[in-house]
Amino acid sequence: MNRKEQKSESFLLGILLVIAGGFLDAYSYVARGKVFATAETGNIVLLGLNLAQGNFHKVLYYLVPITSYALGILAAEQIKAMHKNREESGFHWRQIVILAEILIVAAVAFIPQGELDIVANSSVAFICSMQVETFRKVRGNPYATTMCTGNLRSGMEHVYYWLAEKDRVSGKKALEYFGIIGFFIIGAILGVVCADSWGGRAALVCCIPLLLVFVLMFEKEEGKERQNLCG
């Protein structure tokens, strides 16, 4: 299968995944104690800050989601190792990751707000790290689905080559990166609106783009099957 047939790297799947990432980032902040659970740089900084200030009772609040994020990477790689070459079930290993993400996000919706927010945030951190580890490229270019710093850097890098070297391909890639960032913002807006309206239950809304990703990835399997028949 050539690269343009890689459904997991399609721009449409990238859009759906970053909408989910932006949604969960806003959701964890608005509905779960003002924590950005989808990326851990902020939590690591706050962990160090509280250690430096002697607020040891707050260390666990940040250490748990950081650890959950790390474990999510291991879980995604384990699923890949176990199922990459097993397609008898009709599922791609990436679909198994997405299915696990859907189930966990749905479960998070029913975790009571308040004292159990650390459980919800750790669960979100876990599944977001799985998503980031599993879906790492869009149209062959590296990107992140739950944070924007790397996407902004890559986008501006391509802007430079577009302006300095008149490279139209770089211009197109820059637009794709900024498009990804734009849809992340849309996801964040949806997360805020839904969290304000439905509180913890708002996480259920995020299952919609994830379900679409799960369904759309069947197209890859069908395309691969047709190629095998032709071969």
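Where is E40 found? In this predicted model, E40 sits in the loop between α1 (11–31) and α2 (41–52). That loop is one small part of a chain whose secondary structure comes to nine helices and two strands. Followed along the sequence, the elements come in the pattern α-α-α-α-α-β-β-α-α-α-α. Buried residues account for 46% of the 231 residues in the chain. Of the contacts between residues at least 6 apart in sequence, 74% join residues at least 24 apart.

E40 itself is worth a second look. E40 is buried yet has no salt bridge. The nearest side chain of opposite charge belongs to R32, and that side chain is 14 Å away. A salt bridge requires the charged atoms to be within 4 Å, so R32, at 14 Å, does not form one with E40. Leaving aside residues up to four places away in sequence, E40 touches P65, I66, Y69 and A125.

Next come the nonpolar residues of the interior. The largest nonpolar core has 37 residues, and those that touch the most other members are Y27, I98, V105, F135, Y143, L210 and V213. Two or more residues of this core come from each of α1, α4 (93–108), α5 (117–134), α7 (168–198) and α8 (203–216). The element that gives the most is α1, with nine residues. V105 shows how such a residue is surrounded: not counting residues up to four places away in sequence, V105 touches L24, I127, A203, C206, C207 and L210. There is also a second, separate core of five residues, which includes A76, I79, W93 and V97.

The helix α4 can be checked for length. At 1.5 Å a residue, its 16 residues should span 22 Å, and the end C-alpha atoms are 23 Å apart, which agrees. Which residues of α4 are buried? They are W93, R94, Q95, V97, I98, E101, I102, V105 and V108. To read such a list, recall that an α-helix has 3.6 residues a turn, so residues three or four places apart point the same way. The buried residues I98, E101, I102, V105 and V108, which are among those in α4, can be read with that spacing in mind.

Aromatic rings offer another set of contacts. A search of the whole structure finds four aromatic pairs. One of them joins Y29 and F36, which are stacked, with 4.7 Å centre to centre and 15° between the planes. Y29 counts as partly exposed, at 32% relative accessibility, and F36 is also partly exposed, at 46%. Another pair, F214 and F218, is edge-to-face: the centres are 5.5 Å apart and the planes are at 85°. Here F214 is buried, with a relative accessible area of 13%, whereas F218 is partly exposed, with 28%.

Last come two residues with an uncommon backbone angle. Most residues other than glycine have a negative phi. R139 is not a glycine, yet its phi is positive, at about 50°. R139 is placed in the loop between β1 (137–138) and β2 (141–142), and is partly exposed, with a relative accessible area of 45%. K166 likewise has a positive phi, near 55°. K166 lies in the loop between α6 (149–165) and α7. Is K166 buried or exposed? K166 is exposed, with a relative accessible area of 66%.

Conventions. Residues are numbered from 1 along each chain as its sequence is written. This is a predicted model: local features need pLDDT of at least 70, side-chain atom pairs count only at pLDDT 80 or more; totals for chains, interfaces and linings use all residues. Side-chain values use heavy atoms; hydrogens and water are left out. Helices (H or I, at least four residues) and strands (E, at least two) are DSSP runs, numbered from the N terminus. Buried means under 20% relative accessible area, exposed over 50%, partly exposed in between (1.4 Å probe, protein chains only). Lys and Arg count as positive and Asp and Glu as negative; His and the chain ends are not counted. Contact means heavy atoms within 4.5 Å. Rings of Phe, Tyr and Trp (its six-membered ring) pair if their centres lie within 6.5 Å; planes under 30 degrees apart count as stacked, over 60 as edge-to-face and the rest as tilted. A nonpolar core is a set of buried Ala, Val, Leu, Ile, Met, Phe, Trp, Tyr and Cys residues joined through side-chain atoms within 4.5 Å. The expected span of a helix is 1.5 Å times one less than its number of residues.
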